[in-house]
Amino acid sequence: MKRTLKRVIVYLLVTASLLGITTTAYADENYTAPTDTVRVGLYYNDGVTTSRTFASANLQNVDGYGYGYEMGYYDSNRNFISLGVTVTDTNAITMVVDRNLYYNSGSRSYMEGTSGSVVVGCFHYQINESFSDYQSAASCLASLGTLSSESFIKYENGKYYVCVGNYTSSSAAAAVAPNVPYSGSVNSGTSYTMTVVETGTNRILFEFDGGGKSFLAVRPISTQGTKTLTYYKNVRYYGNFSYVRKGTDTFYVVNYVNIEDYVKGVLPYEMLASWPIEALKALAVCARTYAMFYLNKHSSMGFDICNTTDCQVYGGTNSANDVTDRAVNETSGMYLTYDGKLCETFYYSSNGGASESSENVWNEALPYLRGVIDPYEEAVIDKISNYNWSVTYTGSELASKLQSKGYSCGTITKFEILEFTPTGNVKRIRFTDSNGKTFTFSKENCRLILGLRSQRYTINGYEGSANGIYVNDSDNFLSSLFENLFAVGSGGTSSLSGGDTYAITSTGDVEKIETSGTASSTGESFVINGSGWGHNVGMSQWGAYSMAKIYGKTYLDILTFYYTDAVVAFSQQL
Ligand SMILES: [Zn+2]
């Protein structure tokens with residue numbers, strides 16, 4: 001009842017929002033996002049792909065969407081703090097580490113240890129005097145006469161300095177001293193220094209050294225009053241960029257982007273742009289909520305979320321189109337909440353017939369991540385490749401699978417499903433080898449240990465019931481869905497709700513049926529027939545497709561079906 005009421009309220013608010021009527025967040029489901037800016041890691045060393053070290057990262061304004069750049073850094077509240085330094089005579093800049101680097105025109109990048117006609121030297125002659133503001137430093141630079149064209153301003157820990165030239169050796173930098181009318185010394189930067197050059201040249205535009213506490217940020221300059229779009233590695237991005245260098249040879253490229261623009265860059269990568277708008281809108285709410293939930297996930301690298309499947313795939317505006325942008329705009333500011341807090345909006349490709357409660361896959365039982373029988377996927381099975389899948393293993397093949405995961409076992413002679421969940425997914429399995437040694441796995445390991453596509457399968461035709469519920473020790477399976485059903489017991493009528501199942505015992509009492517049973521095979525080969533693809537927790541993307549396409553459901557219908565008792569809340573406008 002409560003859920004129905006909330007849903008009505010959401011509909012009313014959505015309608016009001018579309019009409020342009022200003023609404024406040026509703027009383028009991030208030031949510032205010034802590035920020036409107038997310039920090040997305042675009043290129044970084046995550047400890048896995050350690051070869052991703054690199055010395056340079058370029059930017060280029062997209063024609064018609066900005067020209068030039070402003071230099072600064074971000075404070076802890078994600079505000080861009082300008083340093084008063086602008087670059088307005090080029091639309092292409094490259095951020096490099098302060099090393100001797102050679103320009104490679106093929107890859108448009110700067111590299112160490114190669115050769116080339118364009119070289120950026122890391123030795124500079126730095127004037128001793130420091131300045132508290134950019135203008136004073138600029139006046140000093142202008143007073144250098146002919147040397148000013150090869151000089152640049154450096155910002156280091158709150159002070160501005162003037163540096164002359166870039167040389168590949170300390171001695172070459174020292175040789176310029178007699179021509180400089182100020183005292184100074186040779187400087188070659190630190191492992192925190194970022195240098196900004198004009199792409200394709202050795203012209204240094206600016207240097208930044210925050211000592212590992214603050215990091216160079218670059219804001220593309222808007223020229224037409226529109227939002228800026230900027231290329232990095234041939235991908236167009238909204239927003240600004242930060243270069244996080246923490247005392248190593250490499251640095252992390254971070255996109256500071258408005259949450260709505262971020263979601264626009266996720267949607268076409270996590271769902272096909274050709275899918276129904278209501279399914280896309282459901283995913284937009286999920287993607288937005290997921291990002292805000294995981295704010296600071298990768299904070300050790302200076303960003304919130306990465307741009308891979310580890311978080312959510314994000315590709316700037318390259319694949320966005322009018323439909324995906326519309327799905328984001330029509331759900332702008334909407335977050336999925338439970339009890340006033342953000343939900344962890346997990347989603348997956350397909351569940352094969354039933355989703356799963358979070359504690360039956362992972363550990364924590366989240367109230368909005370409940371397994372539900374999914375009647376929707378079935379209508380679109382013909383569109384889903386490998387929806388029903390099958391793999392066959394011999395006992396020795398199963399043994400090598402287990403051995404490859406570090407288990408010491410002989411040929412597997414028995415493979416059993418010890419327990420199904422109330423929605424019929426596999427919860428506990430056991431292997432027995434030729435020596436009688438057993439190996440038991442539960443939850444998502446029922447899928448991962450064999451690398452199966454889902455946790456929803458049978459072994460050698462053992463099917464359980466439609467709900468996967470095995471009653472007593474007989475072969476009788478209950479096969480109906482246990483919604484809106486009641487049983488009469490000695491104490492009156494009891495609802496068969498909540499995914500639990502009850503039966504009348506010989507004494508006339510209604511008792512909960514424990515969902516366990518044993519399926520096993522001792523045959524020569526083990527045939528595993530399954531359906532679905534993914535972890536089965538939260539929203540099925542194909543289920544959302546079917547709900548929208550076949551059943552005409554809205555994104556709110558989809559979200560409330562897959563996230564039990566969750567409510568879409570509007571964040572107050574930031
Ligand atoms: Zn990540």
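Along the sequence, the residues that donate to the zinc ion follow the spacing H-x7-C-x3-D-C. Two of these donors, H298 and D310, link distant parts of the chain although they stand 12 residues apart. H298 belongs to the loop between helix 5 (277–293) and strand 20 (305–306), and D310 to the loop between strand 20 and helix 6 (322–329). The model in which this site appears is a predicted one.

The coordination itself can be followed atom by atom. The zinc ion is held by NE2 of H298, SG of C306, OD of D310 and SG of C311, and these protein donors lie 2.0 to 2.3 Å from the metal. The angles among the four donor atoms run from 96 to 119°, and the site is tetrahedral. For orientation, the ideal angle for four tetrahedral donors is 109.5 degrees. The surroundings of two of the donors can also be described: H298 has a relative accessible area of 15% and is therefore buried, the cut-off being under 20%. D310, with a relative accessible area of 40%, is partly exposed.

Attention turns next to two acidic residues in the interior. D433 is located in strand 26 (residues 426–433). This residue is buried but takes part in no salt bridge; K437, the nearest side chain of opposite charge, is 5.7 Å away, and a salt bridge would need a distance within 4 Å. What the D433 side chain does reach is the backbone nitrogen of G410, at 2.9 Å. G410 is also among the residues that D433 touches once those up to four places away in sequence are set aside, the others being C409, T411, I412, T413 and F439.

E377 is found in the loop between strand 23 (347–348) and strand 24 (388–394). This glutamate, too, is buried without a salt bridge, and R456, its nearest side chain of opposite charge, is 7.3 Å away. A polar contact joins the side chain of E377 to the side chain of S540 at 2.6 Å. With neighbours within four places in sequence left aside, the contacts of E377 include S350, N351, G352 and G353, and they extend to Y387, S540, W542 and G543.

Finally, helix 10 (residues 555–562) is mostly covered, with eight of its eight residues buried. Its buried residues are Y555, L556, D557, I558, L559, T560, F561 and Y562.

Terms used. Residues are numbered from 1 along each chain as its sequence is written. This is a predicted model: local features need pLDDT of at least 70, side-chain atom pairs count only at pLDDT 80 or more; totals for chains, interfaces and linings use all residues. Side-chain values use heavy atoms; hydrogens and water are left out. Donors are N, O and S atoms within 2.8 Å of the metal (3.2 Å for Na, K and Ca); water is not among the atoms, so sites may look incomplete. Four donors count as tetrahedral if all angles lie between 85 and 135 degrees; four count as square planar and six as octahedral if opposite donors are over 155 degrees apart and all others between 65 and 115; anything else is irregular. Helices (H or I, at least four residues) and strands (E, at least two) are DSSP runs, numbered from the N terminus. Buried means under 20% relative accessible area, exposed over 50%, partly exposed in between (1.4 Å probe, protein chains only). Lys and Arg count as positive and Asp and Glu as negative; His and the chain ends are not counted. A polar contact is a pair of N or O atoms within 3.5 Å; within protein, one must be able to donate a hydrogen and the other to accept it, and residues adjacent in sequence count only if both atoms are side-chain atoms. Contact means heavy atoms within 4.5 Å.
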